[in-house]
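Hi,

Here is the structure I said I'd pass on. Have a look at it first, and my notes on what turned up are underneath.

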Amino acid sequence: IGGTVVIEDTNITPEPTAVPTAVITAPPGVGNVAMSPNYVTGDVNTTVSFSLVANSGTQRIAAYGIDIFYNQNILGNANVDEGSDGFLSAANTNTPGEIITSGFDASGVGPGQNLNLLIVTLTANNPGTSPPWRNHSTT
């Protein structure tokens, strides 16, 4: 995915920080999935969210499988929802540190370079940095 989630310790006197602005950029190649925004910050005991966007080129996406791995010592209580362009058949969040998703739509979505497939929300449990890793396949 190439993104990062940073959780700050709220017990430390906070310094003013810039509020992250979501900037969706096209994934670099057809068939690629990217985290958007690609850098998310949050405080302990709050939720953080990001989208997974796909570049389907000139094709429609009718099915996918995406596995997302995160640092379970920093993040937890995973939740997955359909993105504005997406569809979600199943999401398994039962294993801490891993989210397994799949989707199937007979008509498909797209084509497009920034298809918002999924929205991932996690609870920040401890300070630290957790890059979400993913394995995916789209059809």
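**Strand 2 and its sheet**

Let's start with strand 2, which is covered on both faces: Val-33 and Met-35 on one side are buried, and so are Ala-34 and Ser-36 on the other. Bear in mind that this is a predicted model.

Strand 2 runs antiparallel to strand 4 (residues 47–54), and four bridges join the two. If you want to check the register, Val-33 sits opposite Ala-54 in strand 4, while Ala-34 faces Val-53.

Zooming out, these strands belong to an open sheet of four, ordered 2-4-9-6 and paired antiparallel. Strand 2 (33–36) and strand 6 (75–82) are at the edges; each has a single partner strand, so one side of each has no neighbour in the sheet. From one strand to the next, the twist averages 25 degrees.

**Ile-119**

The other thing I looked at is Ile-119, which lies in strand 9 (residues 115–124). Is Ile-119 buried or exposed? Neither, quite: its relative accessibility is 28%, and since the partly exposed class runs from 20% to 50%, Ile-119 counts as partly exposed.

Which residues does Ile-119 touch, leaving aside neighbours within four places in sequence? The contacts are Phe-50 and Ser-51, plus Asn-79, Val-80, Asp-81, Glu-82 and Gly-83. For Ser-51, the C-alpha atom is 4.3 Å from that of Ile-119, although the two residues are 68 apart along the chain.

Cheers

Terms used: Residues numbered from 1 in each chain as written. Predicted model: local features only at pLDDT ≥ 70, side-chain atom pairs only at ≥ 80, totals over all residues. Heavy atoms only, no water. Buried < 20%, exposed > 50% of the residue type's maximum accessible area, 1.4 Å probe, protein only. Contact = heavy atoms within 4.5 Å. Pairing = 2+ DSSP bridges. Axes fitted to C-alpha atoms, helices over the stretch in contact; angles between N-to-C directions.
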